[in-house]
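Trainee: I would like to take one part of this model and look at it closely, and then follow the packing outward from there. Could you walk me through it in one connected answer?

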Amino acid sequence: MIVVTGATGQLGRLVVESLLEKIPATELAVAVRTPAKAADLAERGVDVRAADYGDPAALAAAVKGADKVLLISSSEVGGRVPQHTAVVNAAKEAGVGHLVYTSILRAETSTLGLAPEHKATEELIRGSGVPFTFLRNGWYTENYLQPIAQAAESGSFAGSAGDGRISSATRADYAEAAAVVLTGDGHRGKVYELAGDTSWSYPELAAELSRAVGRPVEYQDVPAERHREILLGAGLPEPYADLLVDSDRGIRGGELADDSGELRALIGRPTTPLTDTVATALRD
């Protein structure tokens with residue numbers, strides 16, 4: 001039995017769909033905070049289990065009988081470690097044979113503000129004694145869907161990443177990798193650095209947008225503080241604005257570029273190109 005946490009989230013949904021292409025629904029369970037959101041999965045034969053990170057008893061029940069558990073990192077930045085700890089403890093108590101965790105690219109050395117919680121979770125899992133695999137996911141290309149659409153309309157977008165490169169891939173690419181690891185052999189103890197095949201920069205994104213819409217789209221590189229002011233002026237909450245500025249700092253410094261090819265090797269095909277995501281953003 002495979003149990004997927006966070007299965008109604010954007011990544012979780014795609015993991016479940018990929019798993020259902022590989023295993024019968026009767027071999028899959030999902031641990032979700034709101035079971036009603038997974039009613040369609042229940043109709044397809046998936047075992048839907050109610051679980052809240054703040055309820056140890058519910059978590060214990062959710063992973064009971066699981067051979068493998070996928071811990072999709074919580075979306076609650078700043079509160080991830082205690083939530084992840086609850087899942088790891090439940091998995092250990094249940095005797096889970098393989099715990100797979102979605103981490104961040106180069107978690108041990110990354111200086112991104114998002115990295116410390118992932119690093120702490122990895123250390124927690126290592127210390128638990130539960131056999132593990134870390135899927136260190138790079139950037140999701142979908143992070144740029146809204147900015148792409150806005151830039152296509154306005155003719156420009158701003159950032160503070162300079163010519164820094166991003167080896168992004170789609171959520172579907174990362175989800176397929178998770179499904180491969182959960183249904184395959186030889187992955188215990190492995191740490192995978194996962195990223196897209198081809199890196200790109202904001203100036204190159206602007207050039208791609210210009211080609212796609214048939215008119216100039218410019219990238220305006222600005223200092224980090226000015227970037228923050230622009231984001232706040234657009235109505236973004238301070239924590240989110242700070243996160244985006246920090247991400248651009250990391251991009252400028254090469255933190256989100258990777259040419260290992262490990263994602264492509266896992267899924268057995270090229271990762272989804274940026275042009276596809278641009279087309280999706282403009283179509284939607």
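Trainee: Is Arg106 buried, partly exposed or exposed, and why is it put in that class?

Mentor: Bearing in mind throughout that this is a predicted model, Arg106 counts as partly exposed because its relative accessible area is 24%, and the class runs from 20% to 50%. Arg106 belongs to the loop between strand E5 (98-104) and helix H5 (115-128), and its phi is near 50°, a positive value in a residue that is not glycine.

From that loop one can step back into strand E5, where Tyr101 forms an edge-to-face aromatic pair with Phe134, with 6.5 Å from centre to centre and 85° between the planes. This pair joins distant parts of the chain, since Tyr101 lies in strand E5 and Phe134 in strand E6 (residues 132-137), 33 residues apart. Both Tyr101 and Phe134 are buried.

Another edge-to-face pair is formed by Tyr202 and Tyr219, at 5.2 Å centre to centre and with 70° between the planes. Here too distant parts of the chain are linked, with Tyr202 in helix H8 (residues 202-213) and Tyr219 in strand E11 (residues 218-221), 17 residues apart. Tyr202 is buried because its relative accessibility is 5%, and Tyr219, with a relative accessible area of 14%, is buried as well. Tyr202 and Tyr219 also belong to a cluster that ring pairs build together with Tyr144, Phe157 and Trp200. The model has nine aromatic pairs by the rule applied here.

Turning to the nonpolar packing, the largest core has 35 residues, and those with the most contacts inside it are Val4, Val15, Leu19, Leu28, Leu70 and Leu194. Two or more residues each are given to this core by strand E1 (2-5), helix H1 (10-20), strand E2 (28-32), helix H7 (171-183), strand E9 (191-194) and helix H11 (262-267), and the largest share, eight residues, comes from H7. Leu194 also leads back towards the loop of the opening question, for among the residues that Leu194 touches, leaving aside those up to four places away in sequence, are Leu105, Leu135, Tyr174, Ala177, Leu263 and Leu266. The contacts of Leu194 further include Arg136, Asn137, Gly138 and Glu262.

Separate from this is a second core of 25 residues, which includes Ile148, Phe157, Val217 and Ala281; Phe157 is thus a member of this second core and of the aromatic cluster described above.

Technical notes
Residues numbered from 1 in each chain as written. Predicted model: local features only at pLDDT ≥ 70, side-chain atom pairs only at ≥ 80, totals over all residues. Heavy atoms only, no water. Helix = DSSP H or I, 4+ residues; strand = E, 2+ residues; numbered from the N terminus. Buried < 20%, exposed > 50% of the residue type's maximum accessible area, 1.4 Å probe, protein only. Phe/Tyr/Trp six-rings, centres within 6.5 Å; stacked < 30°, edge-to-face > 60°. Core = buried A, V, L, I, M, F, W, Y, C linked by side-chain atoms within 4.5 Å. Contact = heavy atoms within 4.5 Å.
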